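Q: I'd like a close look at one part of this model, followed outward into whatever surrounds it. Pick a starting residue and walk me through it in one go, please.

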Amino acid sequence: MSSAVTTSAPKIADDKLSFLNQTQTMELKPLSCKRSISPTLGELLMRVEDAQSDTSGPNTPRPHRVLDVSYACSSVSSSYPFVLSFKNLTYSVKVRQKMSFSSCFSRNNKSCHNLEAVESNKISINTKVLLNDISGEAREGEIMAVLGASGSGKSTLIDALADRISKESLKGSVTLNGEVLESSLSKVISAYVMQDDLLFPMLSVEETLMFSAEFRLPRSLSKSKKKARVQALIDQLGLRNAAKTVIGDEGHRGVSGGERRRVSIGIDIIHDPIVLFLDEPTSGLDSTSAFMVVKVLQRIAQSGSIVIMSIHQPSSRIISLLDRLIFLSHGQTVFSGSPTSLPHFFAEFGHPIPENENRTEFALDLIRELEEDPEGIKNFVEFNKSWQAKKNQTNSDFHNGPKLSLKDAISASISRGKLVSGAPNSTSGLTSSVPTFANPCWIEMIVVAKRSMTNSSRMPELFGIRLGAVIVTGIILATMFWRLDNSPRGAQERLGFFAFAMSTTFYTCAEAIPVFLQERYIFMRETAYNAYRRSSYVLAHSIISIPSLIFLSFTFAAITFWAVGLAGGLQGFFFFLFTIFASFWAGSSFVTFLSGVVTHVMLGYTVVVAILAYFLLFSGFFITRDRIPVYWLWFHYLSLVKYPYEGVLQNEFDDPVKCFVRGVQMFDNTPLRLVPDTVKVNLLKSISTTLGMNITSTTCVTTGSDILKQQGITDISKWNCLWITLAWGFFFRILFYFSLLLGSKNKRR
């Protein structure tokens, strides 16, 4: 960094910052140039990687080096900074309000004139303006902060600038170096840090940043260079002492709140974006932690980025780090300028800031007072417009300096080491000069899978509970249906076993509901700015789920198949195993799809349990296909339980030789089962005489094929049932992809 960075804050404040103490592994020579441009992360990397051997271990002490950054005055001319301009931004939403019956008869209400109007005006739609004709600009190397009371429009303005509001709803223009900033380009050159710290709890700080580097940095960058970049970023963020500490959550102790916030910033600046948006990065932090976060943002800005953030009520120390302020009130600009111009502005307005009072606190308190009177805010807004017009006339020469085109400015920035994932691959257009994604799909799949398995491996209790549920269910079924015989009751009990076993495989998949719901907002944050493709996420999570499903399937099949006494030998066992796996696969895919549609855990469980109950009802166990009403027959074919249930029944009963009812056994399920066997034999002789055929006590009356016909299982073969069950799993994975594609736009309407 340049000397201006090391001297921009008081020395006593710097002593409190962990990232400026003696644990630093590198020292920067002060420069004598007037305009200080801090080195980008890429420029630091070129000097850091020489000091770090590729073969050095994580615990190897790094030698103290002095980094010469004298290029900071010559690499890029200070006359050509990036300028993000926004003009006349207006955004409104429609709010529905219920109208009471009595209000229609008040004298002042002209919207209701008769009873018919009362009925048609029970709900009125009003328009609420969130942004009202807001203009301004943010420059490279500066931090622009948006201030205001709750509900003033701070987050809405940040969303508007970060392209998180649909173009159809937002009026006005947002340009970068005078050129309209398209959505596709904005995703590549910018980053957005949400107010909430959305991180994987069981990953360490270093692992979190490393996975972000593998997503955002191109494959052409070696593993050692990515590690060096992460180490440089850890030092830049002041996270060296917490590098090996897990992020943590409510049940696991981890890093502090300020460190979590800096990690959230780090994962979005790993590729050195040109524009960085932050939604209240100091929210919930103490004054020291908040100052440390803004100090980090100052370093990022001075490395050649535009930093725009919203902030609620900054301290005087934080104000000293900010370059531009915008105060909002009910979506209108009441002040726009540098912090140093605040006293002059309010003095001209007739409300001078008292000496030794926090400027922003005074401004916010005054705005709250004026908001109580509509005319007061109106006068304040008009005064700001006249003050801005007068200031623009005075500083008109400042805006007329030469500027690079956006394409040339991005190319120059990339040549300095910024926007690492955006190495130019074409010169035929601005949007084609930087790739949409840093890595191919298969690299993204590997990284997503590796991260998910690392996080899950540190919470083995989750898989252990599911495995325990499968083992306990298998043992209960094995002991309840122990060694079923080939009697009529044995055949009936087999039907019950298969129905319960197949439905259980689907119900145990319900644990997958919170898996994606916990990652949902992490996924939305990462895909919103092209960290990876949605298809890569779906494919990776589908593949890594297969080994656990195979293990669960084998465990359940091994416990129950021979204990129950199912037929088919080894061949029958493997078909039973494949069917159990197909059921787990289809159930897991179905639940995963629902988690992409339903956004609440409890609601998700309710929907899953209800739908699986309907699947079991229409599976053909409680009522056969021939007895299902025609208007419900479609649901029978949509039932996920139908196909594995029919498949295992055919695997068990599809034997024309095997007999389940012989002679007198035909009376077992009737009231005649209690009469003596001699009476049953005499009844058989009478039946034989009547039918003209010989039926003895050993004559086979019902075979396995007959049972299948009685159950209405005649339309689909067992192998087709297996393939259809597997196909359902793939179908729901595809639906899950489209639910992510359509349901995670992360934009306001």
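A: A quick word on terms before we dive in: helices here are DSSP runs of H or I with at least four residues, numbered from the N terminus. Keep in mind, too, that this is a predicted model.

Let's start at Phe 463, which sits in helix H17, residues 460-480. UniProt's unreviewed entry lists residues 463-484 as a transmembrane region, along with 496-517, 538-564, 570-594, 601-623 and 722-743. How buried or exposed is Phe 463? Its relative accessibility is 33%, which makes it partly exposed. Leaving out residues up to four places away in sequence, Phe 463 touches Ser 548, Phe 551 and Leu 552. There's also a long-range neighbour to look at: Glu 511 is 48 residues away from Phe 463 along the chain, yet their C-alpha atoms are 9.4 Å apart.

Now over to helix H20, residues 534-564, where we find Thr 560. With 0% relative accessibility, Thr 560 is buried. Beyond four places in sequence, the contacts of Thr 560 are Gly 474, Leu 477, Phe 497 and Phe 576.

Two of those names come up again in the nonpolar packing. The largest nonpolar core holds 122 residues, and Phe 497 and Phe 576 are among those with the most contacts inside it, together with Leu 84, Leu 161, Phe 277 and Ile 308. Helix H21, residues 569-597, supplies the largest share of this core, at 14 residues. A second core, separate from that one, has 64 residues, including Ala 191, Ile 319, Phe 335 and Phe 383.

Back to the listed transmembrane spans for a moment. Residues 570-594 are 100% helix and 0% strand, with their end C-alpha atoms 36 Å apart. The span 496-517 comes out at 77% helix and 0% strand, and the distance between its end C-alpha atoms is 34 Å.

From the big core you can also follow Ile 308. Setting aside neighbours within four places in sequence, Ile 308 is in contact with Leu 84, Ala 138, Met 144, Ile 158, Leu 161, Leu 276, Phe 277 and Leu 278. That takes us to a sheet: an open one of 6 strands, in the order S8-S9-S10-S5-S11-S12, with mixed pairing. Strands S8 (190-193) and S12 (332-337) are at the edges, and each has a single partner strand, so one side of each has no neighbour in the sheet. On average, and ignoring direction, neighbouring strands here are turned by 15° against each other.

Zoom in on the S8 edge. S8 runs parallel to strand S9 (residues 275-279), and 4 bridges join the two. One residue to click on is Ser 190, whose bridge partner in S9 is Val 275. Helix H5 (residues 154-161) packs on this sheet and touches S5 (143-148), S8, S9, S10 (306-310) and S11 (324-329), with its direction at about 145° to that of S5. Helix H10, residues 287-302, lies across S5, S9 and S10, and its angle to S10 is about 150°.

To finish, jump further along the chain to the cysteines. How many disulfides are there? The count is 1, and it joins Cys 659 to Cys 700 at an S to S distance of 2.3 Å. The link of Cys 659 and Cys 700 is right-handed, with 110° about the S-S bond. Cys 659 belongs to strand S13 (residues 659-662) and Cys 700 to strand S14 (residues 700-703), so the pair ties together parts 41 residues apart in sequence. As for surroundings, Cys 659 is buried at 9% relative accessibility, while Cys 700 is partly exposed at 32%. Two further cysteines to compare are Cys 721, buried at 0%, and Cys 441, partly exposed at 25%.

One last stop is helix H25, residues 677-691, which holds Lys 685. Lys 685 is exposed, with 53% relative accessibility. The C-alpha atom of Lys 685 is 9.7 Å from that of Ser 697, and the two residues are 12 places apart along the chain.

Definitions and conventions: Residues numbered from 1 in each chain as written. Predicted model: local features only at pLDDT ≥ 70, side-chain atom pairs only at ≥ 80, totals over all residues. Heavy atoms only, no water. Core = buried A, V, L, I, M, F, W, Y, C linked by side-chain atoms within 4.5 Å. Buried < 20%, exposed > 50% of the residue type's maximum accessible area, 1.4 Å probe, protein only. Contact = heavy atoms within 4.5 Å. Disulfide = S-S within 2.5 Å. UniProt positions renumbered as here; feature names shortened; annotations may be inferred. Pairing = 2+ DSSP bridges. Axes fitted to C-alpha atoms, helices over the stretch in contact; angles between N-to-C directions.
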